[in-house]
Amino acid sequence: MGLAAFAFASPALAQDAEDEEAVVTTEEAPEESKGIVVTGSRIRLPNLTPTEPTNTIDGAYIENRNFINVADALNDLPQIRGSVTPDGGQSAFGQGVNFINNFGLGTNRTLTLVNGRRVVSANTPSLFGPAAPGLQVDLNIIPTALVKQIDIASTAGAPVYGSDAIAGTVNIILDDQYEGLYLNGTTSITEEGDGFSYRFEGVYGTSFADNRGHLQVSSFYTQTDGILQTARQVFRDEIETQQNTILTGRINPNLPLNTSATDGVPDTVLFSPSRIFALTPLGLIINGPGGVTTAGSDVDGIFNNAVGAFQFNAAGNLVPFNPGTRPLNTNGTANGIRGIGGDPAFQFSDFGQLTSDLRRFGANLFLNYDVTDNINLFVEAQYYDARADELVQQPTFNSTLFGGLSSALTFTLDNPFLNDQARGVLQAAGVTNTFTVARANIAFADLTGFAETELLRGVVGARGDFQLGEKDWNWEVSFNYGNTDITDFRQDINAQNFINATNVTRNAQGQIVCNATPTTRTQAAFAPVADARCVPLNFFGDQASAAAIDYIVEDSASMSSLEQVVVNANVGGTPFALFGNDVGLNIGYEYRRESGDFRPSEFDRQGLGRGAAVSPVSGSFELNEVFGELYVPLITPENDALIESAIVYGRGRYVDNTINGGFFSWAAGGSIAPVRDIEFRGNFTRSFRAPALTELFLPRSNAFGFIPDLCLPQSITAAPDQQVRQRNCDAFLGAFPNISRPQIASQASIPIVSGGNPNLDNEQADSWSVGVIVKPWFLRNFSLTVDYINISISDPIASLTTAQINSACFDNPVFDTSDPANGNQFCSLIRRDATGEVISDPQNPGVTTGFVNGQSIDYEGIVASMLYASSLENLGIPGTLQLRGDLNVTLFRQTNITGIAPVPTHGTIGDEQFVGQLAANYLGKNWGFGSVVNYTGEGLFSRVGRTPDAREFDQLEDFVTVDFNVYFETNDNFRLNFVVNNAFDRRCQSYFGFCIPASINDAFGRTFSASVTKKF
């Protein structure tokens, strides 16, 4: 339950750049007498290159940027957006994870591999988990010191690796052949002096048995200190968008006031400070004499427009309270629950964080041994342990904004905890018997909690090669096992104990005791019970005893376990030659079992706290899969033909899932190079994502959500079809003329009920791309790749959100104006009371939703990469210049779940159309420096309703951030590297001396880091 805020690389020179795509590496290419393997294929052939759009970063890129975490390196790339990170608010269960999101299509639609193999997920199978349900891999587990390179193969992977590779495959290739000892220490801190982070890591590798075997062990430890929003002025300013009907607190004093929906003046503008005046941390009087009120008729926010309102101070005294200036509707009534200015009340910066505390420890082992010249045995083992702590979270509430257990408390004047001063103030204000108190219960329970994660993973297998018919063949068999255990520790208020403790009286000895039979209950619908352990709770100010708080607070621990078993066997080779060119083939079988188990604490399962009851989730599925691929080089340079090369390939994978049956994934494509300098390529892939455990097996469970008020004037202006929404809203407001404006459910969360669906179909995606690779002969070590990508997902699995249901209700041409509360099937999913407000009662949730197969998700974009490396010796400068550029252009994006009035979102804030990165580096003999320039294009607030009446801003400005690094190397293998990120401290778009909240790009600000490395 909560409240809503209204606010808007350094690569190095390649040995043969002509054989590389979108990567420049410091390492010499390994000798591959039997061929090489690229991400998206298991075929081994000499000179094999990626056949789909593939972007690659190497270990040097990560090292030179001093990234503490591999996830930070990937999230810095233009095509990655919307990833799940430890930044910002965290989930109730499984906090602190890093899930990657290619093209912003969902973290559950990007497949993450390590050395081409699956990894057990760390996404807790709960409705209250950190991300959309799926088998996402936590990048926190990856040791940065071992990273050789990371391939991001867009749209590729499903026919080769299986489910989840709709947006692409991220393949993290780790070095398992390191020789010697490597030690590194890295630290960073913001210019503000907070956010301190450090990492220690080491790698040791050695060969044995006359180089037939190799052993490698490594470990890392990292610590990141979290940062609160209150540490940054931009959040302390409490800037929000409110109705443009008052002058107080406006950021832009030059705009006229709004008078109608068509006057050419923005309906809403920015104000500061904007707070929720109906809540204070120590309690305030509400909806009665001496109190505040959210009623629209009381424009000053004071009950019946009386002369004053009062709040409790820490000592339990009542002191005057100024609710601030309330924004008005154009009809003169007050709007919502916000007050501009006034006394500090509930403000969001007090309950927000920039990032969490995160501690990580990991250890890895790689062992391989050549049993014969043609058979190699290998072992991989991994252990990971972490703790993530969210620093702050919204507390529990007792307020008129909520119903049920979170409703405001009612007391009588003879309450023994009410001191004489407070009683006198209430009597002077006109209270004769009872009064009501609303409060944000900051001091009563810490809801943030923390998560501890432990992961174990092991791979054992054998691989080898042989000759058949004088042709080279290879094989591999592996067993992959992984297990993740997540323990979430959290606090909540014990609902019954709270009721017991707040109903109090005096006994015959004059002592304050709990009262199981009060004449007036603090919450009329909930009765106290006799409990010998009960300790009376003083609800007024900061007077509650430690014993009382211990009585009402409950500690709990919930457990999640995820297990993965994968058995893979494949064989590949060159069965024949066509026109003298070896044809590549690989076929194989894979068995996979995924199981998950979420076990909430008994306290949470029974719903004994303030939140909804949390249901356990348990389930598993098995897959039997056969796959094969064929790579046919029709023409190669060795053919001395009219064109340089021509290649075609095909891949297929049949999957039999024990839950939803069979599916065939396939891909076909090829490339043609008329001349050596230019190559055209294209492919088509049919991929899929199987339903996740939570999507399939979640029991009917309570959650919380917000419902936007689509009938406000500015909301109608921004509608995809204004006439349809206006007609439906007119009927709705006509039936419920006394509803709050905006509706309470748009400002304070309401209970909803959701559940899994065992009848879900697979998501299916048809993706295709066409592109060009340019490597001009006259510009050595230069390459440019440009690819157009089109991804169309049918039957996308989604849990219908309250916003989607509400839009499908009011934006629907089918609407019964005679019964607007049940205007269509979507409206009927939202239950309302007699005033039209959404029912807010956890015991009787107002909205029913669940997981469904939606209509479609469509994405179009362009990805481009440029690489250039050149010696500067001809200019008389020792060393090498390197340039790398990446550009992502989002041409179209639309998510259509309900089939009603879908709205494209490409080019909007967070999904800007143009995002690019340019890196320039100088590499000398024992020192070097570099810079990375990041560009983010203009961002629209919306693609619809772009009129002067709709909002204060139509779009945000484009911007640039710049990072620098310099390093020094010594002759005894020491390396020092210094980095300044966001060197010019670009944090947001400034507006009349304030930051536009929606424009915040880097709340951390300028950051400094240093690392030292020693190799033995």
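The legends below describe close-up views of a predicted model.

**View 1. Strand E36 and its burial.** Strand E36 spans residues 750-754, and 5 of its 5 residues are buried, so the strand is largely enclosed by the rest of the structure. In a regular strand the side chains alternate between the two faces of the sheet. On one side of E36 are Ile 750, Ile 752 and Ser 754, on the other Pro 751 and Val 753, and both faces are covered.

**View 2. The strands paired with E36.** Strand E35 (residues 701-705) runs antiparallel to E36, and 5 bridges join the two. Within this pairing, Ser 701 of E35 is placed opposite Ser 754 of E36. Strand E40 (residues 847-848) runs parallel to E36 and is joined to it by 2 bridges. Val 847 in E40 is the bridge partner of Ile 752.

**View 3. The largest nonpolar core.** In soluble globular proteins, nonpolar side chains tend to be buried together. The largest nonpolar core of this model has 37 residues, and the members touching the most others are Ile 707, Ile 750, Phe 810, Val 838 and Val 847. At least two residues of this core come from each of helix H11 (722-735), strand E36, strand E39 (797-799) and helix H12 (802-810). H12 gives the most, with 4 residues. A second, separate core of 35 residues has among its members Ile 57, Ile 152, Phe 220 and Leu 562.

**View 4. Surroundings of Ile 750.** Sequence neighbours within four places are left aside in this view. The contacts of Ile 750 include Ala 703, Phe 704 and Gly 705, along with Ile 707 and Ala 745. Val 838, Ile 839, Ser 840 and Val 847 are also in contact with Ile 750. Ile 750 belongs to the face of E36 that also carries Ile 752 and Ser 754.

**View 5. Glu 837, a buried acidic residue without a salt bridge.** Glu 837 is located in the loop between H12 and E40. Its side chain has no salt bridge although the residue is buried, and the nearest side chain of opposite charge, that of Arg 832, is 6.0 Å away. Apart from residues up to four places away in sequence, Glu 837 touches Ile 739, Ser 740, Gln 743, Ile 744, Ala 745, Arg 831 and Arg 832.

**View 6. The disulfide of Cys 711 and Cys 729.** The structure holds 4 disulfides, which follow the pattern 1-2, 3-4, 5-6, 7-8 when bonded cysteines are counted along the chain. In the one shown here, Cys 711 and Cys 729 are joined with an S to S distance of 2.1 Å. Cys 711 lies in the loop between E35 and helix H10 (713-717) and Cys 729 in helix H11, so the link ties together parts 18 residues apart in sequence. The angle about the S-S bond is -85°, a left-handed link. Relative accessible area is 4% for Cys 711, which is buried, and 0% for Cys 729, also buried.

**View 7. The disulfide of Cys 809 and Cys 827.** The sulfur atoms of Cys 809 and Cys 827 are 1.9 Å apart. The link is right-handed, with 95° about the S-S bond. Cys 809 is in helix H12 and Cys 827 in the loop between H12 and E40, 18 residues apart. Cys 809 is buried at 3% relative accessibility, and Cys 827 is buried at 2%.

**View 8. The disulfide of Cys 988 and Cys 995.** Here the sulfur atoms are 1.7 Å apart, and the link is left-handed with -45° about the S-S bond. Since buried means under 20% relative accessible area, Cys 988 at 14% counts as buried, as does Cys 995 at 18%.

Technical notes: Residues numbered from 1 in each chain as written. Predicted model: local features only at pLDDT ≥ 70, side-chain atom pairs only at ≥ 80, totals over all residues. Heavy atoms only, no water. Buried < 20%, exposed > 50% of the residue type's maximum accessible area, 1.4 Å probe, protein only. Pairing = 2+ DSSP bridges. Core = buried A, V, L, I, M, F, W, Y, C linked by side-chain atoms within 4.5 Å. Contact = heavy atoms within 4.5 Å. Lys, Arg positive; Asp, Glu negative; His and termini not counted. Salt bridge = Lys/Arg side-chain N within 4 Å of Asp/Glu carboxyl O. Disulfide = S-S within 2.5 Å.
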